[in-house]
Amino acid sequence: MSNTEFGVSIADELVEELDELTEECVDLQASRSEVVEAILTAYFQSDVDHKARVRELIIRRRKETL
């Protein structure tokens with residue numbers, strides 16, 4: 001499987017949480033990108049309606065209820 005690089009802009013508080021999570025994986029020498037990829041992999045391999053869930057999350061994020 002090949003990798004594709006792309007830029008993503010995320011809220012500062014999410015960057016802080018991501019950095020904390022990355023620091024928790026220091027023994028694995030995991031990069032920030034690897035942690036994000038692991039999160040996305042787990043999400044896409046879950047048994048949820050991804051289209052509906054993403055729409056819900058975007059709406060909740062915009063309403064600041066997430």
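**Surface patches and salt bridges in a three-helix model**

Let me begin at the surface. Phe 6, Val 8, Ile 10 and Leu 14 together make a nonpolar surface patch of about 400 Å². One member of that patch, Val 8, sits in the segment before α1. Its relative accessible area is 58%, so Val 8 counts as exposed, the cut-off for that class being over 50%. I should say at once that the model before you is predicted.

The second patch is a charged one. Asp 12, Glu 16, Glu 17, Glu 20, Glu 23 and Glu 24 form a negative surface patch. Glu 16, one of these residues, belongs to helix α1, which covers residues 12–24.

I turn now to the overall architecture. The protein contains 3 helices and 0 strands, and its pattern along the sequence is α-α-α. The C-alpha trace spans about 35 × 30 × 20 Å along the principal axes. How does the radius of gyration stand against that of a compact globule of 66 residues? Such a globule would have a value near 11 Å, but the protein has 14 Å. Of the 66 residues, 8% count as buried. The accessible surface comes to about 6,200 Å², and carbon and sulfur atoms account for 52% of that area.

As to charge, the protein carries 8 positive and 16 negative charges. The mean positions of these two sets are 15 Å apart.

That brings me to the salt bridges. Side chains of opposite charge can pair when their charged atoms come close. How many salt bridges does the structure hold? The count is 4, and I shall take three of them in turn.

In one of them, the side chains of Glu 13 and Arg 61 meet, with an N to O distance of 3.5 Å. Glu 13 lies in helix α1 and Arg 61 in helix α3, residues 50–62, so this pair ties together parts that are 48 residues apart in sequence. Are the two partners buried or exposed? Glu 13 is partly exposed, with a relative accessible area of 43%. Arg 61 also counts as partly exposed, at 36% relative accessibility.

Another salt bridge joins Arg 32 and Asp 19, whose closest N and O atoms are 2.9 Å apart. This pair likewise links distant parts of the chain: Arg 32 is in helix α2, residues 32–44, and Asp 19 is in helix α1, with their positions 13 residues apart in sequence numbering. Arg 32 counts as partly exposed at 43% relative accessibility, and Asp 19 is partly exposed with a relative accessible area of 26%.

Which helix holds both Glu 56 and Arg 60? Both lie in helix α3, 4 residues apart, about one turn of the helix. These two residues form a salt bridge in which the closest N and O atoms are 3.7 Å apart. Glu 56 has a relative accessible area of 35% and is therefore partly exposed; Arg 60, with 28%, is partly exposed as well. The pair is also part of a network of salt bridges that links Arg 53, Glu 56 and Arg 60.

To close, I return to the helices. Helix α1 contributes Glu 13 to the salt bridge with Arg 61 of helix α3, and Asp 19 of helix α1 is paired with Arg 32 of helix α2. Helix α3, in turn, contains both Glu 56 and Arg 60.

Conventions: Residues are numbered from 1 along each chain as its sequence is written. This is a predicted model: local features need pLDDT of at least 70, side-chain atom pairs count only at pLDDT 80 or more; totals for chains, interfaces and linings use all residues. Side-chain values use heavy atoms; hydrogens and water are left out. Helices (H or I, at least four residues) and strands (E, at least two) are DSSP runs, numbered from the N terminus. The radius of gyration is taken over C-alpha atoms; the globule rule is 2.2 Å times the number of residues to the power 0.38. Buried means under 20% relative accessible area, exposed over 50%, partly exposed in between (1.4 Å probe, protein chains only). Accessible areas come from the Shrake-Rupley method with a 1.4 Å probe; for residues, only the protein chains shown count as cover. Lys and Arg count as positive and Asp and Glu as negative; His and the chain ends are not counted. The place of a charge is taken as NZ of Lys, CZ of Arg, CG of Asp or CD of Glu. Patches are made of residues with over 30% relative accessible area and no salt bridge: like charges are joined within 9 Å, nonpolar side chains (Val, Leu, Ile, Met, Phe, Trp, Tyr) within 5 Å.
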